[in-house]
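Visitor: I would like a close look at one part of this model, the place where the two chains meet. Please take me through it strand by strand, and then through what lies behind it.

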2 protein chains.
Amino acid sequence: MTVLDDMLRLGKQAKEASRRLALVSAADKNVALLAMADALEAASTELKEANALDLGVGRQLGLSSAMLDRLELNDTRIAGMAAGLREVAALPDPVGRILDRRTRPNGLRIEKISSPIGVVVIIYESRPNVTADAASLCLKSGNACILRGGKEALNSNRLIARLMVEAAVKQVPGFPVDAIQVVPTADREAIPALLSLTQYVDLCMPRGGEGLIRAVTECSKVPVIKHYKGVCHVFVDRDADLEMAGRIVLNAKCQRPSTCNAMETLLVDRSIAGRFLASIVPQLQVHGVAVRADDESLRLLGQGSGLQLRAATEADYSTEYNDFVMNLKVVAGVEEAVIHISTHGSAHSDSIVTRNEATARQFMASVDSAAVYWNASTRFTDGGEFGMGAEIGISTDKIGARGPMGLEELTTYKWLVFGNGQIRS
Amino acid sequence: MTVLDDMLRLGKQAKEASRRLALVSAADKNVALLAMADALEAASTELKEANALDLGVGRQLGLSSAMLDRLELNDTRIAGMAAGLREVAALPDPVGRILDRRTRPNGLRIEKISSPIGVVVIIYESRPNVTADAASLCLKSGNACILRGGKEALNSNRLIARLMVEAAVKQVPGFPVDAIQVVPTADREAIPALLSLTQYVDLCMPRGGEGLIRAVTECSKVPVIKHYKGVCHVFVDRDADLEMAGRIVLNAKCQRPSTCNAMETLLVDRSIAGRFLASIVPQLQVHGVAVRADDESLRLLGQGSGLQLRAATEADYSTEYNDFVMNLKVVAGVEEAVIHISTHGSAHSDSIVTRNEATARQFMASVDSAAVYWNASTRFTDGGEFGMGAEIGISTDKIGARGPMGLEELTTYKWLVFGNGQIRS
């Protein structure tokens with residue numbers, strides 16, 4: 001058996017499972033999810049044993065203690081996985097929503113309804129709890145999934161998937177055993193092989209660092225939904241409430257700088273730049289933020305001001321720091337801000353602070369990002385904060401889901417046409 | 001200048017045009033479309049001259065008379081293009097529709113609104129009227145377009161685009177001149193070069209034969225929405241009104257067999273197969289339909305019946321004939337019908353004829369096609385028949401638009417978030 005043969009078998013099984021999953025009722029999907037939660041908790045000893053094997057491999061591979069910590073399953077984390085499954089069971093069913101309906105003059109009744117995507121491949125890094133999390137969201141949305149976690153988590157991931165499927169099959173007759181599959185090999189060739197199967201795989205969602213995501217996107221023949229990075233901006237307009245602007249900037253940069261929705265670049269309108277920068281930059285530096293500034297900001301802030309500043313390079317403006325580092329630039333107004341964002345941004349989350357509605361509307365219409373804010377922190381781009389109840393990822397793509405992805409974003413749609421014998425003339 | 005340099009310039013210009021197009025009002029887009037219609041009619045002499053050059057090239061290339069006919073622009077066709085533009089102007093604006101809205105406990109107001117995709121590349125074959133048609137739908141949906149027609153239509157296509165842009169710029173100040181661009185070279189390398197520009201191009205829609213579409217999909221690094229072919233099915237269930245089933249089958253196969261939504265395979269439930277086939281097959285043959293049948297149908301229809309039948313091969317079941325040819329197969333019931341469709345179909349349009357609602361619901365839930373019919377002909381899968389007012393293509397993909405694509409399907413969405421100073425805690 002070659003890796004491609006293995007992946008063909010996985011893909012074919014998943015396709016068949018997705019066909020059968022489309023017939024499992026919403027109630028039965030929830031019964032399955034609750035049974036899975038119980039099963040994971042009941043098997044905590046077995047899970048910790050499998051995980052101990054992975055931790056051993058991880059130590060041999062020389063993983064850092066931070067990586068080993070992410071890999072570890074303990075009772076708290078197992079309870080967390082189970083709680084996550086119960087939360088997903090409680091969410092509304094995303095399949096079968098009527099998105100549009102129309103009756104044509106010939107009497108045909110046409111409904112556009114949400115439906116499962118089919119077979120979804122999810123590629124992620126080490127944390128094994130993602131296995132339960134991703135599988136539950138796929139199941140709830142009627143999709144069969146093929147999961148590929150980190151090679152160091154293979155024993156944990158396989159057992160989690162097996163326990164989940166066994167619990168579902170016991171409670172729900174006809175539940176397809178291949179609804180949740182873990183790629184059974186750590187072979188690197190498995191990913192391009194799996195992502196060549198356009199006849200079986202409908203979507204791939206890679207989660208992880210930019211390198212992993214670029215490699216997946218580069219090799220994939222199936223559609224990929226992803227975000228590479230979050231280079232988010234706050235633009236403080238000439239008509240901003242500067243006190244509000246200060247609060248938003250501090251929050252967007254400092255509240256949790258490691259996230260993709262944290263601000264990386266602050267853009268300030270020239271006409272209020274002197275006043276605003278004199279106030280905000282010292283506050284940012286109190287939080288330990290290193291500032292990389294354009295020439296104009298450097299001049300405004302002055303030499304010998306005691307501030308730790310250095311000149312920004314062109315590359316800095318496209319960098320996701322994920323840290324207490326940021327860029328600063330003075331612009332002539334909203335149009336220059338939009339052009340800067342369109343040139344250097346990552347189409348993730350960008351905010352304008354202004355009291356001027358016309359300026360805000362112009363910014364919101366012309367910034368081509370997944371989420372565009374007016375007078376709020378970029379940190380809110382998140383499935384939970386958007387009220388989705390669960391999040392499987394964030395997309396900066398424009399075909400398919402955009403922004404935070406919850407259950408609805410794991411569906412596509414189809415057209416159902418109800419007739420009474422209509423033929424076309 | 002290499003071809004890649006040329007395409008980089010086109011892509012960059014289109015991206016900039018799309019940013020400016022997002023700020024053109026719905027009213028101004030319609031003013032532009034009406035001015036374009038007038039301009040095409042006013043320039044009919046010039047258009048016919050440019051087209052005569054193309055026809056000359058086409059004759060030198062040895063194009064068939066059918067191909068030359070498709071290439072030709074005459075007064076009727078020019079009036080048709082202008083009428084098409086005026087129809088698009090009259091349609092509702094697809095941008096800015098509020099698809100969802102929610103207010104969060106912290107007071108953030110979140111709107112999911114339809115927005116332009118950005119830069120759309122359309123690749124098509126010889127008919128120059130597609131240039132006006134595709135450009136108008138892209139403009140109305142706020143997208144900049146890059147058009148690549150057949151090499152034999154280059155003079156016609158370039159002039160149509162130039163006339164359209166000039167008319168728009170005259171009437172709408174600030175209309176971006178690069179909103180509609182025609183690839184200025186017939187170089188085959190232009191397509192892979194253009195479709196490598198993920199930083200500028202958001203979507204590619206190829207229209208044409210399966211070979212063209214596969215070649216485009218294979219080389220593209222940007223998302224492609226397409227349909228390869230239409231292998232559509234009608235399944236006549238045991239509980240069908242056989243008189244209705246007969247009418248639907250004849251219509252789906254014979255009314256216009258060259259279309260992608262025509263039936264290629266008839267599936268019949270075993271328990272009514274003898275009766276139904278004895279009636280429908282002679283009727284199909286009166287219409288000149290050649291039937292390729294499975295062993296069971298051949299037995300049922302009998303030797304020496306005078307019918308022109310031959311055994312179907314496995315490959316026949318996946319073939320789009322686009323002609324008075326079809327496959328015929330007896331199945332055990334709805335589940336076998338669904339499995340056949342999922343194995344051999346093209347996820348385009350499939351229909352069940354039955355009076356049994358439970359059977360119909362099972363078919364509609366488990367057939368994973370863009371359009372699934374109950375008691376109607378598959379021939380209705382069409383933007384006009386679905387009430388979209390215009391159609392730019394049909395998609396059998398599941399990420400992005402699915403089924404007939406009108407103006408709404410040329411949009412994506414973004415999230416607008418309205419705050420009054422919210423920060424995340």
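Guide: This is a predicted model, and the cross-chain strand pairing is a good place to start. Strand 13 of chain A runs parallel to strand 16 (residues 411–422) of chain B, and five bridges join them. Within that pairing, A:Y373 faces B:V417 of strand 16 of chain B. The reverse combination is present too: strand 16 of chain A is joined by five bridges to strand 13 (residues 371–376) of chain B, again in parallel. Here A:F418 stands opposite B:W374, which belongs to strand 13 of chain B.

Those strands belong to a wider contact, to which chain A and chain B give 54 residues each. On the side of chain A that touches chain B, the elements giving two or more residues are helix 10 (242–254), helix 14 (357–366), strand 13 (371–376) and strand 16 (411–422). Strand 16 of chain A gives the most, with 11 residues. By residue class, the side of chain A that touches chain B holds 26 nonpolar, 17 polar and 11 charged residues.

Strand 16 of chain A also has a partner within its own chain. Strand 2 (residues 109–116) of chain A pairs with strand 16 of chain A over eight bridges, in the antiparallel sense. One of the paired positions is A:P116, whose bridge partner in strand 16 of chain A is A:T411. In a regular strand, side chains alternate between the two faces of the sheet.

The domain assignment puts this in context. Chain A is divided into domain 1 (3–226 + 403–418) and domain 2 (232–385). Taken over C-alpha atoms, the centres of domain 1 and domain 2 of chain A are separated by 37 Å. Their contact takes four residues from domain 1 of chain A and five residues from domain 2 of chain A. The four on the domain 1 side divide into two nonpolar, two polar and no charged.

Turning to chain B, four strands form an open sheet in the order 5-4-3-6, with parallel pairing. Strand 5 and strand 6 (203–206) of chain B each have a single partner strand, so they stand at the edges with one side left without a neighbour in the sheet. On average, neighbouring strands of this sheet are turned by 20° against each other, direction ignored. Strand 3 of chain B is joined to strand 4 of chain B by five bridges, and B:V120 stands opposite B:C145 of strand 4 of chain B.

Two helices can be placed against these strands. Helix 1 (residues 3–21) of chain B lies across strand 3, strand 4 and strand 5 of chain B, at about 145° to strand 4. Helix 6 of chain B also lies across strand 3, strand 4 and strand 5 of chain B, and runs at about 160° to strand 4.

Helix 6 (residues 129–140) of chain B has 12 residues and spans 17 Å from its first C-alpha to its last, close to the 16 Å expected. Helix 6 of chain B is mostly covered, with 11 of its 12 residues buried. Among the buried residues are B:D133 and B:K140, as well as B:V130, B:L137 and B:L139. The cover over the buried residues of helix 6 of chain B includes helix 2 (26–42), helix 5 (75–90) and helix 7 (154–171), together with strand 3 (119–123), strand 4 (144–148) and strand 5 (180–182), of chain B. Just after helix 6 of chain B, B:G142 takes a positive phi of about 80°.

Terms used
Residues numbered from 1 in each chain as written. Chains lettered and ligands numbered in written order. Predicted model: local features only at pLDDT ≥ 70, side-chain atom pairs only at ≥ 80, totals over all residues. Contact = placed C-beta atoms within 7 Å. Nonpolar A, V, L, I, M, F, W, Y, C, P; charged D, E, K, R; others polar. Pairing = 2+ DSSP bridges. Expected span 1.5 Å × (residues − 1). Buried ≥ 20, exposed ≤ 12 C-beta atoms within 10 Å, placed from the backbone. Domains from an automatic or database assignment. Axes fitted to C-alpha atoms, helices over the stretch in contact; angles between N-to-C directions.
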